[in-house]
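Please work through the exercises below with the sequence and the coordinates open beside you. Each task is followed by a solution that goes step by step.

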Amino acid sequence: MEAKGSTGEADDLDLALAGQYERVLTKALTFSYGGTKYCVKTSGPGTAMRGAKILVHRFTDGTLRFSYKNRALTCTACGTYAVPDPAEDEKTPDARVDPIAAGRRKSVSQITAIPA
């Protein structure tokens with residue numbers, strides 16, 4: 001992905017319209033966004049940035065920019081992972097399991113309630 005710079009009024013407007021997403025760096029200076037794992041490149045050891053909160057700016061044209069304390073970061077994509085379906089959340093399994101559990105309770109009660 002191409003990185004954007006902030007050099008004029010048009011760029012400032014683009015930045016104002018961009019989505020901003022906060023991420024926390026791991027000890028290895030990595031973070032995930034949109035199904036991709038990114039590594040932050042530093043000139044030194046980068047230990048001060050461990051656990052730091054960075055911003056991912058997603059511009060209207062789809063490009064990304066990464067920043068830490070208003071400074072642009074150089075990042076490289078270092079892996080991908082499957083992105084869960086947004087319709088799937090922590091309540092979805094309950095909606096699937098409840099009818100199955102209700103069916104089992106019904107069949108168990110039919111077996112134990114034998115007419116005399």
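The exercises that follow concern a predicted model, and they go from the chain as a whole to single residues.

**Exercise 1. The chain as a whole**

Task: Determine which secondary-structure elements the chain contains, in what order they run, and what share of its residues is buried.

Solution: Begin with the inventory, which comes to two helices and seven strands. Reading from the N terminus, the order is α-β-β-β-β-β-β-β-α. Next, turn to burial: of the 116 residues in the chain, 24% are buried. The exposed area of the chain is about 8500 Å², of which carbon and sulfur atoms supply 54%. Finally, consider the contacts with a separation of 6 or more, where residues 24 or more positions apart account for 62%.

**Exercise 2. Strand pairing around β4**

Task: Establish which strands pair with β4, in what sense, and over how many bridges.

Solution: Take β1 (residues 19-24) to start with; it pairs with β4 in the antiparallel sense over six bridges, and within this pairing Q20 has H57 as its bridge partner in β4. Then take β5, which runs antiparallel to β4 and is joined to it by four bridges, with R58 standing opposite L64 in β5. The hairpin of β4 and β5 has five residues between the strands, and there G62 takes a positive phi near 95 degrees. T63 lies in the loop between β4 (53-58) and β5 (64-68). With a relative accessible area of 12%, T63 falls under the 20% limit and is therefore buried, and its side chain makes a polar contact of 2.8 Å with the side chain of D61.

**Exercise 3. The largest nonpolar core**

Task: Identify which residues of the largest nonpolar core touch the most other members, and which elements contribute to the core.

Solution: The core has 15 residues, among which L25, F31, V40, F66 and L73 touch the most other members. Two or more residues each come from β2 (30-33), β3, β4 and β5, and the largest share, three residues, is that of β5. As a worked case, look at F31: neighbours within four places in sequence aside, its contacts include L25, V40, I54, V56 and F66, and also T36 and C75. In soluble globular proteins, nonpolar side chains tend to be buried together.

**Exercise 4. C75 and its surroundings**

Task: Decide whether C75 is buried or exposed, and where its nearest cysteine sulfur lies.

Solution: Locate C75 in strand β7 (residues 74-80). Its relative accessible area is 17%, which is under 20%, so C75 is buried. By contrast, C78 has a relative accessibility of 40% and counts as partly exposed, because this value lies between 20% and 50%. Leaving out residues up to four places away in sequence, C75 touches F31, Y38, C39, V40 and F66. C75 and K37, 38 residues apart in sequence, have C-alpha atoms 9.9 Å apart.

For the sulfur atoms, the cut-off is 2.5 Å, and the count of disulfides comes to zero. The nearest cysteine sulfur to C75 is that of C39, at 8.5 Å, so C75 is in no disulfide.

**Exercise 5. T36**

Task: State where T36 lies, whether T36 is buried or exposed, and which residues it touches.

Solution: T36 belongs to strand β3 (residues 36-41). Its relative accessible area of 15% is under 20%, and T36 is therefore buried. Beyond four places in sequence, T36 touches F31, A77, G79, T80 and Y81.

Terms used: Residues are numbered from 1 along each chain as its sequence is written. This is a predicted model: local features need pLDDT of at least 70, side-chain atom pairs count only at pLDDT 80 or more; totals for chains, interfaces and linings use all residues. Side-chain values use heavy atoms; hydrogens and water are left out. Buried means under 20% relative accessible area, exposed over 50%, partly exposed in between (1.4 Å probe, protein chains only). Contact means heavy atoms within 4.5 Å. Accessible areas come from the Shrake-Rupley method with a 1.4 Å probe; for residues, only the protein chains shown count as cover. A polar contact is a pair of N or O atoms within 3.5 Å; within protein, one must be able to donate a hydrogen and the other to accept it, and residues adjacent in sequence count only if both atoms are side-chain atoms. A nonpolar core is a set of buried Ala, Val, Leu, Ile, Met, Phe, Trp, Tyr and Cys residues joined through side-chain atoms within 4.5 Å. Two strands pair if DSSP finds at least two bridges between them.
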